[in-house]
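Visitor: Could you take me through one part of this structure in close detail? I would like to hear about a pocket, the residues around it and the elements they come from.

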Amino acid sequence: MRVEFLTAEIGSTTTVLSAFSCDASGTMKFIGQGESYTTIDENDVTVGIEKAMKALKKTLGTEALEWDVLVASSSAAGGLRMTVHGLVYDMTVRAAREAALGAGGVIKLVTAGKLAQRDLKRIEEATPKLILLAGGVDYGERETVIHNAEILKNVDPDIPIVYAGNIEAADEVYEMISGNGRDVHVVKNVYPRIDELNVEPTREIIREVFSKNIVKGPGMEKIYSVADKPVIPTPAAVMLAAELFSEVQGDVLAVDIGGATTDVDSVTDGDPEIASMLVSPEPKSKRTVEGDLGIYVNARHVIEHIGRCELEREFPNLENIVENLTPYPKDSFDEAFSVRLARYCFEASLRRHAGSIKQFYGPTGRIEVAYGKDLTAVRSVVGTGGILSRSRFSWKIMEGIRTLSERHEKELLPKASVKLYRDKNYIFGAIGLISTVDFSSAKDLLKSSFEELGDS
């Protein structure tokens, strides 16, 4: 049997292999999936890919499987761990952080202003796979970023550094940090002028650096013996899928509720009227990661957020459920509990992702300003990931969005008329991967792989 595409998503615990092939009409279709555990502990992730391949062959009912292209993403071994350093937190630091998150980075440390020698220890303890240095608008303040380059030149030379700061300081910064054979990349400033973001060049180079250096990660040395194209961070693949979805269906929000975190990706310019009220610029494509919102690893945090007393009224045997909680519900009680936690994670993550309108009183009277990401123009919300893709209660988890903007009037949330979709085959990230090699096929998959949810 031969297929056009295989995608491998190498996670911290599981490796998922998905197969895609054209039907009789020439339209790209999802045809099957195989899964196995990720073999980081065996120092070779290709072993896990091979195990997933065996499972896929069984699913497809074939003993032999060939393919034209295999593309892969990874979040294994901690994913793309990064530290981010800038000048002013609400300006260059925030711009650099947006670029890092949108590229799929797992940010372990953020600093603003001048680094101290003791910060080197904090950076080392964060064990980054990449460092992003920014600071200053173009032709503006340059002292801080040059000082920070002087400090960062002493970090492990095996750690690549991306410089995305004041263009006037670029040559001097490069000269400082490129010693000892370090991999250094200079890109356009993420914050070239006041109130202007330019994150996409930085996102692209971060993905490239990840692809180039992934072979240095534990168990990843042989990844390019199976992958035909550059490996990218799995969160970056999801963002690419969201951006593609926005081209097909308009402004979109994608939510992935996991055992440990809840990720939210939005692609929207927002409402022009709100844009005129914004205090600071926001990127069109934005990603946030809520590290305390998860339905297994972080279940106890979510319980505290909801309120233990409230949950005990709904689940009298709460403590017993929590003590015996597993990633996969064992019975209807476990399932109902996971759905309850997921509903909270879904709504809380959206509210944290969204901006808000605040009122101030000045000499001319009351004025309103907007902070953060405007989601009011979002037309579609996609539920992806474990429980939102697999659960028969996806609608129950997501339906709260219909009243969310009414319950929180000053928050820039999607409107009640928004359409809800479920990534029924759990291939949102895979579609993002395929879009890097065949845009048309990725669009075909978007049109056939999402189930619109309704009251039924």
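Guide: The lining of the second largest pocket divides into nine charged, six nonpolar and four polar residues; here Asp, Glu, Lys and Arg count as charged, Ala, Val, Leu, Ile, Met, Phe, Trp, Tyr, Cys and Pro as nonpolar, and the others, Gly among them, as polar. The model is a predicted one, where local features need pLDDT of at least 70 and side-chain atom pairs count only at pLDDT 80 or more, while totals for chains, interfaces and linings use all residues. Residues are numbered from 1 along each chain as its sequence is written, and side-chain values use heavy atoms, with hydrogens and water left out.

The lining has 19 residues, and R94, E98, E282, K286 and G372 lie nearest the centre of the pocket. The space in this pocket is about 370 Å³. A pocket here is an open set of points on a 1 Å grid over the protein atoms alone, where a 1.4 Å probe fits, with protein on both sides within 12 Å along at least five of seven lines; lining residues have an atom within 4 Å of a point. Grid points are joined across faces, edges and corners, and the volume is the space filled by probe spheres set on the points.

Now for the elements, which are DSSP runs numbered from the N terminus: helices are H or I with at least four residues, strands E with at least two. Helix α2 gives the largest share of the lining, six residues. At least two residues each come from α2, β13 (285-290), α12 (332-353) and β15 (365-371).

Let us follow two of these outward. β15 runs antiparallel to β14 (residues 356-362), joined by seven bridges; two strands pair if DSSP finds at least two bridges between them. Two residues separate β14 and β15 in a hairpin, and F360 stands opposite I367 of β15.

On the other side of our tour is a sheet. Five strands, in the order β6-β5-β7-β8-β9, make up this open sheet with parallel pairing. Its edge strands, β6 (105-112) and β9 (184-186), each pair on one side only. From one strand to the next the twist averages 20°. Helix α2 (residues 89-102) packs on this sheet, touching β5 (80-86), β6 and β7 (130-133), and its direction makes about 170° with that of β6. Contact means heavy atoms within 4.5 Å, and axes are lines fitted to C-alpha atoms, for helices over the stretch in contact, with angles from 0 to 180 degrees between N-to-C directions.
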